[in-house]
Amino acid sequence: MRIAILTREPENYSTQRLIEAATARDHVVELIDTRRCYMNINAFSPEVYYDGKPLPRFDAVIPRIGASLTSYGMAVVRQFEALGTYCVNTSTSIGNSRDKLLAHQLLAKHGIGMPTTAFASSPKDSDNLIELVGQTPIIIKLLESTQGRGVVLAETKKAAQSVIGAFRNLNANFLVQEFVKEAEGVDIRCLVVDGKVVASMRREAQTGDFRSNLHRGGSARSVRITKQERDAAIRAAKILGLEVAGVDLLRSNSGPKVLEVNSSPGLQGIESVSNKDIADLIVQHIERRAHPIVRRRTGRRAAAD
């Protein structure tokens, strides 16, 4: 098959592993910089252009779209969908996961456990927001936060009021969320592929931090998850429409609580601690789901086929 990877980071570990896995299974892989794509949008011959030329037809697209390019990246993925190309995660599912407010609302609607979360627009409601999620400390999280950036732990009500005021002055959208103390700076990342948890790891924050993200200096090791945790991860990915997802869970006294669902999960940490070839599992998933486009072939290769 001919597979495209939409990415701005061609040297990224995850990108390189996907290339290795796909080429090892005799697929052709092309890296496409999402920013350099532009589109001809019409009902009869939609195209995606790149460097002045229409891109060839791909059998599958793997979107690896950064948070800073979510809106435009979704538009590019939608254009590939209009061409009939199989996209590992659809534009809609990417949007569901990237909009943290929408993601929480969808998960809550389907009964997925998560930290108590509050959202408001008016500055007059700041104290009410804090009260809704319970006692301090609380988490204040920008809707556009990623890899632990834009996430603040407010230890006291006064600190929470100060952070909320600062975010409002910046016209930033944010959530106020319960701090799950018993998790003790530890979360569980479950890697879901095609409705199955294929690997999981326990991530622990470095001393003095509450964020367990590996990008923030956290550590990781393989972990055995419970059936309840497995079911929560699988359901969360399905509710948001993601076929490949990283689902982050907290272990609380009332059961697993979903923190976040990532549509472009990194592979380096979880492959290293689980010793599993996640990239190959993703490529195998593509083989099951994509329908190769029939192309005319000539010469020795056609004869060999």
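Which residue in E5 is the bridge partner of Tyr50? The partner is Lys53. Keep that pair in mind while we walk through this chain. The model is a predicted one.

Start with the overall picture. The chain has 305 residues, and 50% of them are buried. Its secondary structure comprises 10 helices and 16 strands. Now look at contacts between residues at least 6 apart in sequence. Of these, 65% join residues at least 24 apart.

Next, the sheets. Strands of a sheet pair through backbone hydrogen bonds, and the pairing can be parallel or antiparallel. This chain shows both kinds.

Take the parallel case. Four strands make an open sheet, in the order E2-E1-E6-E7, and their pairing is parallel. At the edges are strand E2 (28-32) and strand E7 (86-87), each of which pairs on one side only. Look inside the sheet at strand E1, residues 2-6, and strand E6, residues 60-63. The two run parallel and are joined by four bridges. One residue of E6 to find is Pro63, the bridge partner of Leu6.

Now return to Tyr50 and its surroundings. Here an open sheet of three strands has the order E3-E4-E5, with antiparallel pairing. Its edge strands are E3 (37-40) and E5 (53-54), and each pairs on one side only. Strand E4 covers residues 47-50 and pairs with E5 over two bridges, in the antiparallel sense. A helix belongs in this view too. Helix H2, residues 70-82, lies across E3 and E4. Its direction is at about 50° to E3.

Move on to strand E12, residues 186-193. Is E12 mostly covered or mostly open? It is mostly covered, with eight of its eight residues buried. Follow its side chains in turn. Val186, Ile188, Cys190 and Val192 point one way. Asp187, Arg189, Leu191 and Val193 point the other way. Both sets are buried.

E12 has two antiparallel partners to trace. With strand E13, residues 196-204, it shares eight bridges, and the two run antiparallel. Ile188 has Arg202 as its bridge partner in E13. E12 and E13 form a hairpin, with two residues between them. Asp194 sits in that turn and has a positive phi of about 55°. The other partner is strand E15, residues 244-252, which runs antiparallel to E12 and is joined to it by six bridges. Find Cys190 again: it stands opposite Val247 in E15.

Now the helices. Two packed helices are described by the angle between their axes and the distance between the axes. Apply that to helix H4, residues 100-109, and helix H7, residues 227-240. Their axes come within 10 Å and cross at roughly 120°. The crossing of H4 and H7 is right-handed. Which residues make the contact? From H4 come Ala103, Leu106 and Leu107. From H7 come Ala236, Ile239 and Leu240. By class, this contact has six nonpolar residues, no polar ones and no charged ones.

Finish with helix H9, residues 278-289. How far should its 12 residues span? At 1.5 Å a residue, the expected span is 16 Å. The end C-alpha atoms are 17 Å apart, so the model agrees with the expectation. An α-helix has 3.6 residues a turn, so residues three or four places apart point the same way. With that in mind, look at which residues of H9 are buried. They are Ile278, Ala279, Asp280, Ile282, Val283, His285 and Ile286.

Methods
Residues numbered from 1 in each chain as written. Predicted model: local features only at pLDDT ≥ 70, side-chain atom pairs only at ≥ 80, totals over all residues. Heavy atoms only, no water. Expected span 1.5 Å × (residues − 1). Buried < 20%, exposed > 50% of the residue type's maximum accessible area, 1.4 Å probe, protein only. Pairing = 2+ DSSP bridges. Axes fitted to C-alpha atoms, helices over the stretch in contact; angles between N-to-C directions. Left-handed = near helix turned anticlockwise from the far one by under 90°. Contact = heavy atoms within 4.5 Å. Nonpolar A, V, L, I, M, F, W, Y, C, P; charged D, E, K, R; others polar.
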